[in-house]
Amino acid sequence: MTARLHPLIVKTIAWQTEADTASSARALARQPAVNNAMIELRGDLGTGKTTFVRHLLHALGVQGRIKSPTYAVVEPYSLVDAGLDIWHFDFYRFNDPDEWEEAGFRDIFASCGLKLVEWPDNAGPHLPQPDLALSIVLLADESRAVTLSAFTPTGKRLLA
Ligand SMILES: Nc1ncnc2c1ncn2[C@@H]1O[C@H](COP(=O)(O)OP(=O)(O)O)[C@@H](O)[C@H]1O
Ligand SMILES: [Mg+2]
């Protein structure tokens, strides 16, 4: 992996319940910078990465069921009215570096839109620097401690 830059801002919040996850997702969806951003979601299995993405996509206007891309690696969404393309990646089962080029992931990350990435470390050295990273830790009382790290000016705007 290439060396990670230090974040510009780090913010820590708590999600006591899924309602708090939803309210963080709505706050993020209100930031115009979300239209062209790369956001990493870190945390063990079951901490709530996909749940956060579901709330975020619904807040942005995606209708219907949002599947976890664990098997497909990526699920694309296109909000025609908003002119917004979204890609939800889950690299949990990703183990073929050649697939990166073949599947066109390089092109996706170079495109304008919102890229949401679960298990970014499994993508090997390919992934570009994120604008924002959410790291979720599940606590004994089922609440979640969430660290938000902004790495770019876009990431800073997302935390505003
Ligand atoms: N903030 C939260 N509070 C309580 N339960 C949550 C919260 N976020 C997610 N969950 C629950 O945790 C479980 C796993 O969530 P999921 O989003 O699939 O995890 P991940 O994608 O990190 O593996 C789901 O059953 C979900 O309902
Ligand atoms: Mg998941």
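The following paragraphs go through helix α1, the magnesium site and the surroundings of ligand 1 in this predicted model.

Helix α1 covers residues 18-29, twelve in number. From first C-alpha to last it reaches 16 Å, close to the 16 Å expected at 1.5 Å a residue. At its N-terminal end, T17 acts as the cap, with a side-chain oxygen 3.2 Å from the backbone nitrogen of A19.

The buried residues of α1 are T21, A22, S24, A25, L28 and A29. They lie on the same side of the helix, because the arc they cover around the axis is only 160°. The elements that cover these buried residues include the strands β1 (9-15), β2 (37-42) and β6 (132-138), together with the helices α2 (49-60) and α5 (153-158).

Helix α2 also takes part in the metal site. The magnesium ion, ligand 2, is coordinated by OG1 of T50 and by OE of E118, at 2.1 to 2.3 Å. T50 belongs to helix α2 and E118 to strand β5 (residues 114-118), so the two donors tie together parts 68 residues apart in sequence. Both residues are on the buried side of the 20% cut-off: T50 has a relative accessible area of 13%, and E118 has 2%.

Ligand 1 is surrounded by 13 residues, the closest being T21, G46, K49, T50 and T51. T21, one of the buried residues of α1, has a side-chain N or O atom 2.8 Å from a nitrogen atom of ligand 1. An oxygen atom of the ligand is 3.3 Å from a polar backbone atom of T47. E118, which coordinates the magnesium ion, has a side-chain N or O atom 3.3 Å from an oxygen atom of ligand 1.

Notes. Residues are numbered from 1 along each chain as its sequence is written. Chains are lettered from A and ligands numbered from 1 in the order in which they are written. This is a predicted model: local features need pLDDT of at least 70, side-chain atom pairs count only at pLDDT 80 or more; totals for chains, interfaces and linings use all residues. Side-chain values use heavy atoms; hydrogens and water are left out. Helices (H or I, at least four residues) and strands (E, at least two) are DSSP runs, numbered from the N terminus. The expected span of a helix is 1.5 Å times one less than its number of residues. Buried means under 20% relative accessible area, exposed over 50%, partly exposed in between (1.4 Å probe, protein chains only). The arc is that of the directions from the helix axis to the C-beta atoms. Contact means heavy atoms within 4.5 Å. A polar contact is a pair of N or O atoms within 3.5 Å; within protein, one must be able to donate a hydrogen and the other to accept it, and residues adjacent in sequence count only if both atoms are side-chain atoms. Donors are N, O and S atoms within 2.8 Å of the metal (3.2 Å for Na, K and Ca); water is not among the atoms, so sites may look incomplete. A residue is near a molecule or strand if one of its heavy atoms lies within 4 Å of it.
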